Amino acid sequence: MNIWQVLSSTWNMEPWVLITALALLVGYGITTGFRFTKLSALYILGVLIFVLALVSPLDYLGRTYLFSAHMIQHILLLLIVPLLLLLGIPKALAERALKIEPLGSAMKVLGNPIIAWFLGVGAMWVWHLPSLHNTVVANDNLYIVQQISFVLIGIIFWWPVFSPVESRRLSPLVSTLYLSSACLGCTILGMLITFAGAGLYTAYLNPADSIGILPLLRGELCLTPGVDQQIGGLTMWVPGCLIYLVASMVTIARWYGAPEESELIPNSGAGRLATASHKNK
Amino acid sequence: MSSRIPIVPENIKPLPLLKENEGMLSWVASVDHKQIGIMYLLASMVFFVIGGIEALVIRIQLAQPEFGFISPEVYNQMFTMHGTTMIFFVVMPFLIGVGVYLVPLMIGARDMAFPRLNALSFWLVIFGGILLYYSFFTQSGASEVGWFAYAPLSEKPFSLNKGPTYWVLGLLAVGISSVASGLNNIVTILTMRIKGMTIRRLPLFVWMILVTSFLLVFVIPVIASAFSMMLLDRLLGATFFTPAHGGSAILWQHFFWGFGHPEVYILILPAFGIISEVIPVFSRKPIFGYEFVAGSTVAIGLLSVGVWAHHMFAVGLGNVANLYFSLASMLIAIPTGVKVLNWVATMWGGKIYFATPMLFAVAFIIEFVMGGLTGVAIASAPIDWVVTDSYFIVAHFHYVLYGGSLFAIFAGVYYWFPKFTGRMMSETLGKWHFWLTIVGFNMTFFIQHFLGVMGMPRRTYTYQDFPYWGSMNLVSTIGALILALSILVFIWNIFVSLRSGKEAGNNPWHAWTLEWATSSPPAVHNFDLVPPVRGRRPLWDLEHPDTPDEPNAKVV
Amino acid sequence: MANNKMLVGFFVASESIFFVMLILAYVNFHNSVTDGPTAFNSLDPVRTGIFSLFLLASSFSMWLAGRSLATKNHLMLKIWILVTIVLGAIFIYGQASEWFGLIDQNITISRNVFGTTFFTLTGFHGFHVIVGLIMLSILLGLALFGDFKGPKSDGVECVSIYWHFVDGVWIVVYSVIYLWAFL
């Protein structure tokens with residue numbers, strides 16, 4: 001097999017992915033009245049990336065052969081897809097949804113920046129504990145739970161920064177601290193994976209080569225387990241961090257564009273700032 | 001002028017006794033931010049002369065092949081101390097000192113948020129400097145292991161002298177001082193601004209100090225912990241960085257550069273701030289793209305902490321890591337380029353007045369872009385492999401640190417000297433200083449690019465008589481002597497201007513930020529009256545009530 | 001003033017980077033000890049775990065001290081600060097006796113990388129606890145002289161932030177050194 005054959009033959013139309021995606025789209029359409037706007041474009045893009053990340057070769061390779069493919073999928077599902085979904089939700093819809101219990105009170109708790117931060121960073125760390133990850137790739141149900149948890153936790157993580165309801169957002173300076181400390185969390189994990197030495201994730205050491213592409217990957221593409229793990233770690237470290245960085249630039253740009261009254265730190269923010277930076281270690 | 005209203009908020013705690021701010025005692029006991037700022041500047045000036053003499057010794061030793069001006073041991077001490085002094089005891093104290101002097105004035109405050117902490121920061125720098133230089137008097141002299149003190153060379157079996165221990169202790173003191181002043185700056189800028197001075201109206205210099213302070217607070221602990229480990233290695237026989245006992249020398253490199261790369265931005269961001277103040281004033285135009293200058297600083301600050309591994313391409317991190325870090329490092333060129341474009345656009349169509357501060361600011365842009373371009377080149381791993389640890393790197397970082405930070409420092413001194421002292425600096429001597437600097441600087445360092453590409457390694461004690469090496473090094477050495485002459489002119493200028501400079505008045509440059517609204521030098525309490533802040537250029541608004549910057553701004 | 005608390009907040013954030021580096025050094029060498037003492041064969045997680053509970057409890061008593069101040073209950077303020085000091089001191093006693101026990105077995109900072117990283121990490125943490133105890137003693141002294149009128153005091157709140165930080169760091173340190181080795 002050459003690389004194109006691999007990429008064209010490893011699509012895996014998982015029904016749960018397609019059903020979830022359809023439900024997401026139909027639900028959005030019904031609540032917003034099937035109008036195509038800039039927001040809905042973001043939302044649809046988010047759903048599209050969600051589907052692509054889970055049915056494309058990325059998914060197959062990431063589960064069986066390549067840790068790096070898993071990591072790209074992980075970054076897409078935890079950081080990109082939830083962000084796009086969240087950005088695509090109109091303010092009015094979000095306000096209506098927050099009135100529905102128990103969703104409203106749940107978001108009040110989960111949307112607390114400290115909890116959201118620990119969930120967001122924790123999702124990265126916990127799911128990448130080597131023993132857990134090795135179990136997950138071998139277990140279908142657990143795998144589905146993991147993917148869904150990425151998206152849900154991603155939404156919670158982005159909520160304090162990009163919530164459609166402005167009053168739920170952190171001020172720009174605190175957002176920057178929130179995001180850069182999260183970036184530190186993902187940097188450290190990426191660093192540990194990159195420099196840990198090959199074989200941290202034993203599942204990828206000697207995969208069952210059911211479609212016979214191992215020689216291609218290991219030989220022609222030079223993706224030995226060591227290189228593969230390095231690419232994975234660095235993908236989390238560098239592009240992963242850049243996403244947080246771009247996001248904090250967006251919050252600052254948004255603040256520049258906002259009317260004069262909104263200040264970088266609200267008057268009551270000083271105390272909260274201190275506690276936030278205290279907890280975010 | 002009738003709109004001047006007294007609105008400086010009183011500090012909640014009363015300011016320290018005024019009598020501490022008078023007479024000889026003030027040089028020891030003062031907690032006034034202006035006095036401490038001046039003391040920072042004087043200290044950095046003294047260290048600058050010391051570091052400069054070390055540089056001259058290095059250059060003289062390299063003036064011709066196989067020269068024996070000093071012994072190899074002394075040579076190693078010279079380049080180690082030169083680098084350490086210039087980074088930690090010249091550029092950092094200077095920029096922090098200017099910040100300490102100007103930040104409260106620019107935001108309309110009476111003092112820093114924590115005046116005593118401010119004094120502590122200053123005296124820790126002096127303490128650190130004494131510790132560092134005391135090592136010359138120990139048995140086998142100062143540290144000889146280079147400013148980045150790579151393990152295991154800096155470790156026990158290889159460096160048995162006490163030099164590196166003093167070196168670590170001195171830098172730990174400076175590190176603690178930097179964190180303290182970073183904390184002080186952050187709290188001052190966030191909480192002590194006068195009414196109307198929103199963060200979006202902060203002078204860009206204050207913005208840069210704010211971002212730099214965040215870098216100090218979050219990056220210095222990285223090196224502080226690495227220094228602690230090195231100290232434990234050297235004193236208690238711990239084995240962090242000694243491979244022979246299970247430690248890891250690469251770990252030191254990671255820790256050091258994890259600090260070292262953001263440090264580069266700590267050294268250059270306040271310089272950007274000085275340039276962003278000088279260029280608009282001497283172009284008679286508001287800064288072009290204020291938001292972009294401020295926002296790109298945040299981007300630089302955040303990016304800078306994630307790219308240190310590009311200092312370690314030659315270590316063998318693997319091709320994948322090299323690739324990622326090459327790309328990430330090149331990204332920093334984007335926000336930096338944004339700034340350069342903004343400065344040029346500010347000058348574009350302005351009525352440029354080439355006083356000495358402006359000359360240095362314009363030269364800064366040119367020299368810094370040179371250093372930036374070679375920086376982008378060596379961010380690419382294959383190029384770095386060829387030129388790493390050669391004189392190409394020496395040329396690159398001197399273009400960034402001398403052509404960048406120091407040129408901005410000179411611009412800043414000429415620009416704010418009237419405010420600091422009440423007297424103008426001599427323009428004639430200033431122009432002599434400028435042109436001697438330009439000639440000397442480029443003569444010294446430009447040719448080192450070629451020496452580096454031809455293979456001359458950095459930190460080499462001497463070299464064989466290869467074709468052209470001798471003559472090129474001689475050119476560089478002559479350049480260094482011209483540079484030394486320029487510094488003498490500079491010091492003479494300060495001396496002369498202090499005694500007999502022209503009276504400056506409150507606002508000799510017709511600048512727009514708040515520090516120019518008070519007397520020169522400012523009184524201990526800074527302001528009697530502060531003009532209302534309704535835009536980014538309060539003094540412009542005051543003088544041109546009909547055409548304010550922000551016509552719709554509310555009166556506070 | 002919010003000033004003081006903001007200062008301590010950022011200071012604590014800065015300190016946490018310091019500890020992150022020490023922890024990274026520990027993690028870096030976790031698997032590289034081939035012979036000699038390791039966390040697994042020389043530490044007692046249960047004993048240290050019990051002493052850790054004292055430190056955790058001291059965080060709680062410090063919180064109660066703050067609450068007492070808020071309700072202007074000055075007697076309880078003094079008592080809770082005293083309790084915090086005693087609990088912190090017990091933790092330090094536990095640390096000291098653990099250190100002496102290890103040193104008696106000739107496990108020192110220069111024995112191998114485990115010794116190096118273990119003593120550095122716990123040592124710096126212990127140093128921070130001792131600094132905290134000194135600050136708490138000063139607080140207690142000031143409280144005895146009736147310095148805190150309540151309901152708010154920056155002094156109490158700043159020391160409290162620091163103390164919770166020291167406590168939080170220990171949770172991470174304990175997890176990394178003890179739980180990682182024994183779970």
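How are helix 14 of chain B and helix 15 of chain B oriented to each other, and why? This predicted model keeps local features at pLDDT of at least 70 and side-chain atom pairs at pLDDT 80 or more, while totals for chains, interfaces and linings use all residues. Residues are numbered from 1 along each chain as its sequence is written, with chains lettered from A and ligands numbered from 1 in the order in which they are written.

Select residues 427–453 and 469–500 of chain B, which are helix 14 and helix 15; helices are DSSP runs (H or I, at least four residues) numbered from the N terminus. Their axes lie 8 Å apart at an angle of about 155 degrees, and the two helices are therefore roughly antiparallel (angles over 145 degrees). By class, their contact has 21 nonpolar, 11 polar and no charged residues.

Next, select helix 5 of chain B (residues 163–191) and helix 1 of chain C (residues 2–28), which pack at about 140 degrees with axes 10 Å apart. Helix 5 of chain B and helix 1 of chain C are therefore oblique to each other. Display the residues that meet here (C-beta atoms, placed from the backbone, within 7 Å): among them are B:Leu183 and B:Ile186 on helix 5 of chain B, and C:Phe10 and C:Phe11 on helix 1 of chain C.

Finally, show the whole contact of the two chains, with 23 residues from chain C and 28 residues from chain B. On the side of chain C, the largest share, 14 residues, comes from helix 1 of chain C.

Terms used. Axes fitted to C-alpha atoms, helices over the stretch in contact; angles between N-to-C directions. Parallel < 35°, antiparallel > 145°, perpendicular 65-115°, else oblique. Nonpolar A, V, L, I, M, F, W, Y, C, P; charged D, E, K, R; others polar.
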